[in-house]
Number of protein chains: 2
Amino acid sequence: MAPKPSPVTAKRRTLIADLATVFQARGYEGATLAHLAAATGLSKASLYHHFPGGKAEIVAVLVRDAVADLQRAFVRLQGTDPPDVKLKRFVDAFSDYVDAGRGHCLVAVLMQGSIAEQHGAPTAKQFEDWRDALATQFEALGSKPKRAHREAGELLASLYGLLLTGKLLRDPDHFRRGIKRLKRGIQKSKH
Amino acid sequence: MAPKPSPVTAKRRTLIADLATVFQARGYEGATLAHLAAATGLSKASLYHHFPGGKAEIVAVLVRDAVADLQRAFVRLQGTDPPDVKLKRFVDAFSDYVDAGRGHCLVAVLMQGSIAEQHGAPTAKQFEDWRDALATQFEALGSKPKRAHREAGELLASLYGLLLTGKLLRDPDHFRRGIKRLKRGIQKSKH
DNA sequence: GTCTATACACCGATAGAC
DNA sequence: GTCTATCGGTGTATAGAC
């Protein structure tokens with residue numbers, strides 16, 4: 001049995017989750033300390049106790065955390081299962097990460113705007129690694145390296161495109177239906 | 001010959017274009033009046049002369065204007081040319097609208113965040129109309145209505161996804177290559 | 001139409017009591 | 001660890017001269 005996580009860590013995790021919802025909905029500049037305090041139930045001063053660096057430290061921690069969350073989806077590509085199974089599991093995990101299209105990808109939200117200057121370059125490298133991990137699976141499905149790399153980029157673009165257009169169209173099902181089709185497409189591209 | 005546009009209107013057009021660049025790069029909350037004044041070369045007080053409603057009026061005008069710009073891409077779907085030709089022209093026009101992936105779609109940028117509450121619903125209706133216009137062309141290519149509707153949503157998602165992932169990957173060519181492939185895909189889906 | 005000067009609210013951040 | 005009170009700076013918006 002796994003060891004019980006310390007309550008300190010558990011409290012910090014819910015604190016971070018509450019903070020993330022504000023940045024997700026309002027972006028970096030739109031997320032004021034008053035909003036953050038209200039969302040967490042703490043005062044502004046208490047937030048500075050947990051994050052002495054203020055807003056900059058909060059967002060740095062949140063980016064780290066969101067990248068780790070997203071990483072958990074790409075971990076589904078590891079293991080000895082067939083590549084199409086792993087790719088479909090990844091797509092499902094990504095869907096979970098963005099709450100089936102109801103939420104956002106915090107990494108993507110924060111990388112648009114003033115935060116990109118500070119965290120944009122390392123995040124871009126991370127996304128390249130993720131694209132390579134996807135490409136490896138497409139190669140295992142029979143595609144040549146160049147084509148696999150292309151298919152990996154297309155899959156990423158489709159996922160984020162479905163997420164964004166679902167919000168533009170205000171259609172909660174747009175993302176869900178798109179995910180379903182994407183998974184069928186992975187099945188087919190095996191031939 | 002078309003009548004020469006009045007200098008007043010021309011000045012206002014460049015003014016709006018300058019303001020748009022700031023909102024595109026910084027989002028609604030990130031675009032302060034100081035930034036907007038600097039970008040236009042006017043003082044803050046002068047901005048209030050042109051837009052008495054302040055920042056809210058500026059962004060309302062900009063949304064109207066950006067929607068009209070984007071509409072110009074969808075106008076390429078009209079006419080008597082073959083549907084695949086019209087769809088490819090639309091894709092090129094969209095690419096031009098976002099400066100080949102180097103810029104953003106101002107509509108999409110503003111609809112994420114606090115502005116969505118005010119302008120989100122009418123914009124969503126507009127996007128539905130645009131999706132329908134695309135679906136009509138896919139029907140003309142031989143797809144049944146349901147499938148054409150799906151293909152239209154996929155095309156929109158791919159365009160916005162390529163735009164977003166190109167920025168996440170910091171790869172200026174990602175969008176350009178994706179556009180090329182999308183156009184080839186339209187060719188193929190004809191058969 | 002454009003400007004400088006300014007009003008007033010809110011922002012991020014700190015001090016210090018409990 | 002949490003709070004109230006408060007600081008200096010900046011944000012939006014206005015007054016009024018030119």
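How do the residues of the surface near DNA strand D divide into nonpolar, polar and charged? They comprise seven nonpolar, five polar and three charged residues. The legends below describe close-up views of this surface and of other parts of the model, which is predicted.

**Figure 1. The surface near DNA strand D is supplied by helices of chain A and chain B.** DNA strand D is surrounded by 15 residues. The closest are Ser43(A), Ala45(A) and His49(A) from chain A, together with Leu33(B) and Gly54(B) from chain B. At least two residues each come from α3 (44-50) of chain A and from α2 (33-40), α3 (44-50) and α4 (54-74) of chain B. Among these elements, α3(A) provides the largest share of the surface, four residues.

**Figure 2. Contacts join chain A to chain B.** On each side of this pairing, 28 residues take part: 28 of chain A are in contact with 28 of chain B. In chain A, the elements giving two or more residues to the side that touches chain B are α1 (7-30), α6 (106-111), α7 (116-140), α8 (145-169) and α9 (172-188). The most is given by α8(A), with 12 residues. By residue class, the side of chain A that touches chain B holds 11 nonpolar, 12 polar and five charged residues.

**Figure 3. Chain A and chain B are related as by a two-fold rotation axis.** A turn of 179° with a shift of 0.0 Å along the axis lays chain A on chain B with an RMSD of 0.1 Å. The two copies are thus related as by a two-fold rotation axis. Within chain A, Gly161(A) has the C-alpha nearest the axis, 1.8 Å from it. The copies meet through the same surface, because 100% of the interface residues of chain A are also interface residues in chain B.

**Figure 4. Helix α4 of chain A has buried residues on one side and exposed residues on the other.** For the 20 residues of α4 (residues 55-74) of chain A, a rise of 1.5 Å a residue gives an expected span of 28 Å, and the end C-alpha atoms are 29 Å apart, which agrees. The buried residues of α4(A) are Ile58(A), Val59(A), Leu62(A), Val63(A), Ala66(A), Leu70(A) and Ala73(A). These residues lie on the same side of α4(A), because they cover an arc of only 135° around the axis. Arg64(A), Ala68(A) and Arg72(A), on the other side of α4(A), are exposed.

How values were computed:
Residues are numbered from 1 along each chain as its sequence is written. Chains are lettered from A and ligands numbered from 1 in the order in which they are written. This is a predicted model: local features need pLDDT of at least 70, side-chain atom pairs count only at pLDDT 80 or more; totals for chains, interfaces and linings use all residues. Two residues are in contact if their C-beta atoms, placed from the backbone, lie within 7 Å. Ala, Val, Leu, Ile, Met, Phe, Trp, Tyr, Cys and Pro count as nonpolar, Asp, Glu, Lys and Arg as charged, and the others, Gly among them, as polar. A residue is near a molecule or strand if its C-beta atom, placed from the backbone, lies within 6 Å of it. The expected span of a helix is 1.5 Å times one less than its number of residues. A residue is buried if 20 or more other C-beta atoms lie within 10 Å of its own, exposed if 12 or fewer, and partly exposed in between; C-beta atoms are placed from the backbone. The arc is that of the directions from the helix axis to the C-beta atoms. Copies are superposed by least squares on the C-alpha atoms of residues with pLDDT of at least 70 in both.
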